[in-house]
Structures are given as C-alpha cells and as structure tokens.
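Here's an informal tour of one protein model, taking in its salt bridges, a few hairpins and one core residue. Have the sequence and coordinates open as you read.

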Amino acid sequence: MARPIWTGTLSFGLLNVPIRLMSGERRNDLHFRMLDQRDNTPVRYERVNADTGEEVPWKDIVKAFEYQKGNYVVLEEDDIRNAASDAHETVEIDTFVDAREIAPAYYEKPYVLLPAKKAEKGYVLLRETLKKTGKAGIARVVIRTKEYLAAVMPQGDALVLNLLRYTSEVVDLDDFELPGKSTGDYRITSREIAMATDLVESMSGKWKPEDYRDEFREKLRTAIEKRLKSKGVTARVEEEEHTPENAATNVVDFMALLKKSIGAKTRTPAAKNTPERKPAAKKAPAKKTAAKKTAAKKTASRKAPAKRRKAG
C-alpha cells in the first residue's frame, strides 16, 4: 500500500479526526528522454550560470521573484514556508456548502482521506452527514510547502479531498462570446429539441469508468515494444518519500462536542491537539575495533625494491 503524504487531523467544529492524506490519482503517462540523434547519447539539462556558462551546484541555487525585467528579489525557504498557514498537516473545514454549487472547472486534483486507527467513528459521522445533506466541506490544506483551497466530499465509503482552483485561476465565461440568446433566435424548433432528447435517451447508460481505456497510451506502448526489440535498456528511479509520524488517537464524546460546536459556533485549531514530538534517543557511538594489524618494522638503511619491468 502507498505511503501517506502526511498524517494529521481533519477538523470541523470541535471535532478532530486523525487521518492520513493519500494521493487519489495514478499517473500513467509515458515519459520520454531526449537523445542526440547522431549517437543516441542522452541529452542532459544543466543548471548553467548565464554569465560565466559554468554549471551551478544545487547548494548555490536560490529562488527569486522577477518584480521587474532583469530585477529580482531573493526569497529564503522560510519566506515561502511561512507564507502558508500555520495549520500544517491539518484539513480544517471552514464552512459547508451545497456540493452542486461547485462548478466542475474548480476541481483540480483528488486526494483520499483515510481514518487513523480507532478514529473510524468521527470519519463515518462526517461522511454520512455529508451524504445526507448533500454538502461539501470547504477547507484549507497545506501540502508540502503550499496552501490550497479544498473540498471534502463523500465518495462511496471514502472521504475525498479535492483541491480547488481559486477564482483568479478560472477563466470567467463572460470573457468569451457565447451563444446566450433563446433557442428561437437560433431557429431551433421544439421538434428538434424533442428529437435531440430522444437521441440522448437512446444513447444513455450508467457511468462505468472501467469501460474507458487510454487507447492512445496503449497504441504508443505497442509502438515502443515494436521498436524496442533487444536494444532497449530501462532504469527505475526510486524517489525518497517522507514518512510522517502517526497522529495520536483519543476516545472522545462526539455528542458533547457536536452540541458544544453548535452552541459556540467555534472550532479548536487542530494544532493545539497535536502531541509534542519527543526527541529521538541518541544512539550510542559504534565501538571501534580493537584489533589492528601490526606492520613489520623496516630498517632505515634498507633500499626500496626495484620496480618491475612491464612485459613487452
């Protein structure tokens, strides 16, 4: 099973549910490498100083924002990290909205929320409540160093966190010249609408995503296998993954917290409930091996042995 991106809490009102954030997508793209066609040697990308032409090591590279043409302001890693919310490893729901009001253009990327051990009750409580009300929880979440807007929604037995685009990232439909007049202005008759409706009904069925395949990828892979023969070499690169600490799980009185949340209309930041991390115990230094080989003493007057001649 895949490792969680991080382990933290899902909070709404005064309820905090320990969760694990898992990726909800599987990328199946075929990645290509550029080669020099003259000898099929891989082409490398190098970090080169624009003035000297010399390659720059990663330790000497900093991030900067170009505020004017040719003028930059350098940012420290802490500047970028501190720009995000303090509620790291937390999905904190601010409000609940009708899920149907979120336009498809706002959805960007799915994640799956898994309950931690002994945290199933709070997880199921929220899931079933969202199903019953048709609501989605709008939250902010920090993934790695960036803060995102997100919607927590039920899907089957799961709670899915969908990253949302901000309004500034979605093109306003009013920017386009769209056919917004009545059907009569486009000479569409009621008979044509009825026939189109019948056609749609005759072509309708249940949504079965497993019935659809990435045919382009399949054809491309067939072409690769045909070209491969015996000369292809593949290499697998393992990326280092961060393994966060497990969140603590507490038995709580959900009914009392729900009543208190409704009465106070406040929520407790999950960061206060996160247990402090204990410093790791220092490992004892490894013992040095006592046994050493003693070299034979040589007299100072002894001459060095003559060099061997190379075989002709």
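## Charged pairs

Glu128 and Arg127 form a salt bridge, with the closest N and O atoms 2.8 Å apart. Keep in mind while looking at it that this is a predicted model. The two partners don't sit in the same accessibility class: Glu128 is partly exposed, with a relative accessible area of 36%, whereas Arg127 counts as buried at 12% relative accessibility. Arg127 gets that label because buried means under 20% relative accessible area. The pair isn't on its own either, as salt bridges that share partners join Arg127, Glu128 and Lys131 into one network.

How many salt bridges does a search of the whole structure find? The search turns up 8. Two others to look at are Arg44 with Glu46 and Lys59 with Asp60. In the Arg44–Glu46 bridge, Arg44 is exposed at a relative accessible area of 55%, and Glu46 is partly exposed at 41%. The Lys59–Asp60 bridge follows a similar script: Lys59 is exposed, with a relative accessible area of 70%, while Asp60 is partly exposed at 46% relative accessibility.

Here are those bridges side by side, with the separation of the closest N and O atoms.

| Salt bridge | Closest N and O atoms |
|---|---|
| Arg44 – Glu46 | 2.5 Å |
| Lys59 – Asp60 | 3.4 Å |
| Glu128 – Arg127 | 2.8 Å |

## Hairpins

Now for the strands. Strand 5 (residues 63-68) pairs with strand 6 (residues 71-75) in the antiparallel sense, over 5 bridges. Within that pairing, Phe65 stands opposite Val73 in strand 6. The hairpin has 2 residues between its strands, and Gly70 takes a positive phi near 85° there.

Further along, strand 10 has a partner on either side of it in the numbering. Strand 9 (residues 135-143) and strand 10 (residues 146-155) pair in the antiparallel sense over 7 bridges. Strand 10 also pairs with strand 11 (residues 158-164), again antiparallel and over 7 bridges.

Which residue of strand 10 is the bridge partner of Val141? That's Tyr148. For the other pairing, Pro154 has Leu159 of strand 11 as its bridge partner.

The turns are worth a look too. Between strand 9 and strand 10 there are 2 residues, and Arg144 takes a positive phi near 60° in that hairpin. The hairpin of strand 10 and strand 11 likewise has 2 residues between the strands, with Gly156 at a positive phi near 65°.

## A core residue

Last stop: Leu113, which lies in strand 8 (residues 107-115). Is Leu113 buried or exposed? Its relative accessibility is 0%, so Leu113 counts as buried.

What does Leu113 touch, leaving out residues up to four places away in sequence? Its contacts are Leu10, Ile19, Arg20, Leu21, Tyr123, Val152, Leu159 and Leu161. Leu159 should ring a bell, being the bridge partner of Pro154. Leu113 also shows how the fold brings distant parts of the chain together: its C-alpha atom is 9.7 Å from that of Thr7, although the two residues are 106 apart along the chain.

Key
Residues numbered from 1 in each chain as written. Predicted model: local features only at pLDDT ≥ 70, side-chain atom pairs only at ≥ 80, totals over all residues. Heavy atoms only, no water. Pairing = 2+ DSSP bridges. Helix = DSSP H or I, 4+ residues; strand = E, 2+ residues; numbered from the N terminus. Buried < 20%, exposed > 50% of the residue type's maximum accessible area, 1.4 Å probe, protein only. Contact = heavy atoms within 4.5 Å. Salt bridge = Lys/Arg side-chain N within 4 Å of Asp/Glu carboxyl O.
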